[in-house]
Amino acid sequence: MTKFRRLTAVAALLGSVCASNAYAEGTVEVLHWWTSGGEAKAVGELKSAFESQGGMWIDSPIAGGGGDAAMTALRARVVAGNPPTAVQLKGPGIQEWATEGALNDVQAVAAAENWDSVLPPVLAEIMKYDGNYVAAPVNIHRVDWIWASPVALEKAGISEMPTTWAEFNAAAEKLEAAGLVALAHGGQPWQDATVFEDVVLGVGGPDFYRKALVELDADALTSDTMVAAFDQLRILRGFVDDGFSGRDWNLATSMVIRGEAGFQIMGDWAKGEFLAAGLVPGKDFYCIPTPGDGFVMNSDSFTFFKVAGDENLKGQQVLASLIMSPGFQKTFNLAKGSIPARTDVPLDDFDDCAKRSHEDLLKATEAGALVPSMAHEMAIPRSVRGEILDVVTTFFNSDMSSKDATAALAAAIQRAM
Ligand code: GAL
C-alpha cells in the first residue's frame with residue numbers, strides 16, 4: 001500500500017468512527033427530579049426508549065421530591081448560559097420560562113402528530129405558549145389520595161377505609177392505640193402543602209379550593225372554612241411520629257409498605273413505590289381518595305430549552321415525539337403510578353387505583369370539580385406558592401392557631417402579589 005493509500009484508509013476509518021459518535025436520533029441532556037425507586041424506574045423507561053431509537057441520553061437527576069431543588073438548579077444553569085436540552089417542568093412554570101424566551105417550541109412535531117386531538121384541552125393549554133406547544137406531557141397524577149397498609153389496619157381493628165375526615169381521625173386514633181404510626185409523613189414544605197391542599201379540598205369543596213388556592217381570593221383565604229381546614233391539618237399533625245422532620249416522601253411510603261404506619265396522604269407517585277417493592281394494589285396496599293369531592297390534578301411534562309446544534313435540536317424533536325407516543329405513555333405510567341396524559345391509551349392493563357383515578361377525573365371534569373395542584377406547581381406562580389408553603393410549614397411545626405394561620409396566609413399572599 002502506498003503512503004497516500006494508507007492515509008486515505010486511515011481518514012476513512014476516522015470518518016466512520018466520528019460518524020458513529022454522532023447520534024442519528026440526537027442527544028438530550030434531561031434534568032429531572034425522579035430519584036426514588038418508582039420514579040427512577042419510570043424515567044428509566046424514557047431513557048431506554050430514547051436510546052433504543054439511536055439517541056444519546058445524558059441524565060441530570062436532582063434529588064428532592066416535589067422538584068424544588070431541581071428548579072433552583074435549573075435557574076443556575078440558565079443564568080450560566082448552559083441550559084439542559086430537556087427539563088421536567090410544569091404548570092405556570094412553563095409559561096414563565098416561555099415568557100423569558102428560554103424555550104424552543106415543538107409545534108412541528110405536535111402538529112404532525114395532532115396532539116390537540118388526543119390531549120384533554122385543559123392540559124393542552126398548559127403545554128402551549130402563543131398557540132405553539134413548548135412542552136410535552138407524560139402523565140396525569142392525582143394528588144388527593146390516602147395510601148394504607150392492610151397489615152397495620154388489621155392490627156388496629158380497622159375494617160373499612162375512611163371516607164370522611166371524622167372517620168379518618170377515628171381510624172388514626174385506633175392505629176395509635178395499637179402502637180403504630182397513624183400517619184407516615186415527611187416534614188418538608190412541599191409534603192406539608194400536599195396534605196394541606198387535600199384537606200382544603202375535602203373541607204371546603206372544589207369551588208372553595210379554587211377561590212382560595214387558585215384565585216387567591218382574600219375572603220376565601222380568611223374565611224371560617226379556611227380556619228376549619230387548618231383545624232383538620234392540626235389534628236393530622238398530631239398523628240405524625242416524632243422522626244418526621246426532613247424525611248423524604250418515599251421513606252414515609254416505606255413505613256406504610258413495612259406496615260409500621262397505617263396511612264400516608266400523598267399523590268399517586270407513592271403507588272410507584274408500592275409497585276417497585278412488588279406489592280399488589282387491593283391486596284398488599286389500599287388506595288382511596290381523600291375525603292370530599294373533586295380531583296387535585298398534577299401533570300408532569302418536559303420542556304425544551306433553547307440550545308444550539310443540530311444534534312440537540314434533533315434530540316428535542318425525537319424526545320417530544322417519543323413522550324407522546326401511546327406505547328411509551330402506557331409503559332411509563334404503569335411504573336410511575338399515574339395515568340396517561342393521552343386520552344386514547346387503553347387502561348386495561350392498569351390497576352384499580354389508576355382506573356378509579358381515570359373515572360374520577362372524567363366525573364370531576366364534568367362536574368367542574370377538577371382543580372390544579374397548588375403544592376405541585378399547577379396553579380399559581382412559584383413565588384406565591386412559596387409564600388403559601390412557608391405559612392403552612394410554619395403552622396405544621398409550631399403551635400400557631402388556625403386563626404393566626406389564615407391571617408398569615410392572606411398577608412403573605414398580599415406581599416407576593
Ligand atoms: C411531583 C411530581 C411527581 C413526583 C413527586 C415527588 O411534583 O409531579 O412526578 O415524582 O413530585 O417527587
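Start at Asn298: select its side chain together with the ligand, and you'll find an N or O atom of that side chain 2.9 Å from an oxygen atom of the ligand. Keep in mind that you're looking at a predicted model. Now show the ligand's surface with the protein around it: on its own the ligand has 310 Å² of accessible area, and the protein covers 100% of that.

Next, pick Trp34. An N or O atom in the Trp34 side chain is 3.1 Å from a ligand oxygen. Then go to Gly66 and turn on the backbone atoms, since here the partner is a polar backbone atom, 3.1 Å from an oxygen atom of the ligand.

Now widen the selection to the residues around the ligand. There are 14 of them, and the ones that come nearest are Glu39, Lys90, Asp300, Lys336 and His376. Try colouring this shell by residue type: you should get five nonpolar, five polar and four charged residues. If your viewer can draw cavities, switch that on too; the ligand sits in the largest cavity.

Time to zoom out and colour by domain. Domain 1 takes in 3–140 + 299–355, while domain 2 takes in 142–297 + 367–416. Go back to the ligand with those colours on: both domains feed into its shell, with at least three residues from each.

Last stop, the two domains themselves. Put a marker at each C-alpha centre and the distance between domain 1 and domain 2 comes out at 30 Å. Then select the residues where they meet: 25 residues of domain 1 are in contact with 26 residues of domain 2.

Definitions and conventions:
Residues numbered from 1 in each chain as written. Predicted model: local features only at pLDDT ≥ 70, side-chain atom pairs only at ≥ 80, totals over all residues. Heavy atoms only, no water. Near = heavy atom within 4 Å. Polar contact = N/O pair within 3.5 Å; in protein donor to acceptor, adjacent residues only side chain to side chain. Areas by Shrake-Rupley, 256 points an atom, 1.4 Å probe, with all protein chains shown as cover. 1 Å grid on protein atoms, 1.4 Å probe; cavity = no way out; pocket = protein on both sides within 12 Å on 5 of 7 lines; lining within 4 Å. Sits in = over half its atoms within 2 Å of the grid points. Nonpolar A, V, L, I, M, F, W, Y, C, P; charged D, E, K, R; others polar. Domains from an automatic or database assignment. Contact = heavy atoms within 4.5 Å.
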